[in-house]
Amino acid sequence: MWGDIAITFLLAFITTYVFTPYSIRLARKVKALDIPKDKRKIHKKIMPRLGGIAIVAGFLVSAIYLIIAMIIEKKLDIFTNNYYIKLIGFLLGIIVLEVFCYFDDTKGIKPIVKLIGQIIAATIVVASGIVIDKILETSPTSILANEIFLKVFWIVGITNAINLLDGLDGLSSGVSLISSICLMFIFILNSSPVISIIFATALAGSLLGFLPFNFNPARTFMGDTGSNFIGFVLA
C-alpha cells in the first residue's frame with residue numbers, strides 16, 4: 001500500500017512540476033493574465049494565471065494511472081458498489097467545472113455564470129452516487145431532495161472557500177497541501193476506500209509540484225482553474 005502511495009505522490013508531483021512552465025506559456029498565449037490594475041493587488045507585474053491546468057494534469061495522470069494499475073493487479077474492484085459510475089461522475093464534474101473556470105481565467109465571466117457551472121458540476125457528482133456518509137447517517141429527514149441539496153451545497157461551498165482563499169502567493173496551495181496530507185493519513189488510519197487515499201495523495205503531490213512556482217515571489221497563479229478544482233476535490 002505504501003508503495004502505491006509513494007508512486008501516486010511522486011507521479012503527481014513530477015507531472016505538475018514539468019507541466020507548470022508550459023501552463024505559463026499557454027497563459028501568455030491565450031492572454032490569461034492577472035494585471036494589477038487596482039490597489040488591492042500586491043503584485044506589481046503582470047502574472048499568468050493558468051497554473052491550475054498543471055495541477056489538474058498532475059492529479060489526473062497520477063490518479064488514473066494508479067487506478068488502472070491497481071485494477072490490473074486486482075487490488076481494486078471498481079465494479080463493487082458501482083465505483084466506476086462514481087468515478088465517471090467525478091471526472092465529468094471536473095471537466096464541466098474546468099471549462100467554466102478556463103473561460104473565467106481567459107475571457108472573464110459573470111460570478112453567477114461561474115456559480116451555475118459549480119452547481120452543475122456538483123450535481124453531476126451527487127447524481128453519480130457519491131455521498132457524504134455522515135449526513136446520511138444523522139440526517140433528521142429522509143427526504144431525498146434535502147439530502148441532495150446538502151451535498152451540492154457542501155461541494156459548492158468548499159469549492160468557493162478555496163477560491164476565496166487564493167489571495168496571496170502560496171496561500172491556498174499551501175493550506176490545501178496541508179489539508180490533503182492530513183486527509184490522506186486520516187483515510188489510511190481509518191481504513192477508508194483506497195480510491196479516497198489515491199485522490200488525497202495525488203492532490204498533495206500535485207500541489208507540492210506547483211508550490212515552487214507559486215511561492216513569493218510567484219512566477220504564476222493557479223487561477224480559478226486551480227482554486228476551484230482543489231476545493232472541488234477536497235469537498
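## The loop before α8

S191 is exposed, because its relative accessible area is 66% and a residue counts as exposed when that value is over 50%. The structure discussed here is a predicted model. S191 sits in the loop that joins α7 (171-189) to α8. Its backbone has a positive phi of about 55°, although S191 is not a glycine.

## Overall layout

The protein chain contains 9 helices and 2 strands. In sequence order, these elements follow the pattern α-β-β-α-α-α-α-α-α-α-α. Of the 235 residues in the protein chain, 43% count as buried.

Contacts across long stretches of sequence can also be put as a share. When contacts between residues at least 6 apart in sequence are taken, 76% of them join residues at least 24 apart. The packing of α8 against α1 and α2, described below, gives examples of contacts between separate parts of the chain.

## Helix α1 against helix α8

Helix α1 covers residues 2-29, and helix α8 covers residues 194-214. The axes of α1 and α8 come within 7 Å and cross at roughly 35°. This crossing of α1 and α8 is right-handed. On the α1 side, the contact is made by I5, T8, F9, A12, F13, T16, Y17, T20 and P21. On the α8 side, the partners are I197, I198, T201, A202, A204, G205, S206, L208, G209, F210, P212 and F213. Sorted by class, the contact of α1 with α8 has 14 nonpolar and 7 polar residues, with no charged residues.

G205, in helix α8, gives a local view of this contact. G205 has a relative accessible area of 0% and is therefore buried, the cut-off being under 20%. Leaving aside residues up to four places away in sequence, G205 touches F9, A12 and F13. The C-alpha atoms of G205 and F9 are 4.5 Å apart in space, while the two residues are 196 residues apart in sequence.

## Helix α2 against helix α8

Helix α8 also packs against α2, which runs over residues 52-72. The angle between α2 and α8 is about 145°, and their axes are 8 Å apart. α2 passes α8 in a right-handed crossing. From α2, the contact uses I55, G58, F59, S62, A63, L66, I67 and M70. From α8, V194, I198, F199, A202, L203, S206, L207 and F210 take part. The residues of this contact of α2 with α8 comprise 13 nonpolar and 3 polar, and no charged ones.

I198, A202, S206 and F210 are among the α8 residues in contact with α2. I198, A202, S206 and F210 are also among the α8 residues that meet α1.

## Helix α2 and the residue after it

What span should α2 have at 1.5 Å a residue? The 21 residues of α2 should span 30 Å, and its end C-alpha atoms are 30 Å apart, so the two values agree.

α2 is followed by K74, which lies in the loop between α2 and α3 (83-106). The phi of K74 is near 60°, a positive value in a residue other than glycine. K74 has 77% relative accessibility and so counts as exposed.

## S23 in helix α1

S23 belongs to helix α1. Is S23 buried or exposed? At 3% relative accessibility, S23 counts as buried, because the value falls under 20%.

The side chain of S23 reaches the backbone oxygen of T20 at 2.6 Å. With residues up to four places away in sequence not counted, S23 touches L50, G51 and A54. A54 falls within α2, which spans residues 52-72.

## Helix α3

α3 has 24 residues and reaches 34 Å from its first C-alpha to its last. That span is close to the 34 Å expected at 1.5 Å a residue. G108 follows α3 and has a positive phi, near 90°.

The buried residues of α3 are L87, G89, F90, G93, I94, L97, E98, C101, D104, D105 and T106. Which elements are included in the cover over the buried residues of α3? They include α2, α4 (111-127), α8 and α9 (223-234). α2 and α8, which pack against each other, are thus both found in the cover of α3.

Notes: Residues numbered from 1 in each chain as written. Predicted model: local features only at pLDDT ≥ 70, side-chain atom pairs only at ≥ 80, totals over all residues. Heavy atoms only, no water. Axes fitted to C-alpha atoms, helices over the stretch in contact; angles between N-to-C directions. Helix = DSSP H or I, 4+ residues; strand = E, 2+ residues; numbered from the N terminus. Left-handed = near helix turned anticlockwise from the far one by under 90°. Contact = heavy atoms within 4.5 Å. Nonpolar A, V, L, I, M, F, W, Y, C, P; charged D, E, K, R; others polar. Expected span 1.5 Å × (residues − 1). Buried < 20%, exposed > 50% of the residue type's maximum accessible area, 1.4 Å probe, protein only. Polar contact = N/O pair within 3.5 Å; in protein donor to acceptor, adjacent residues only side chain to side chain.
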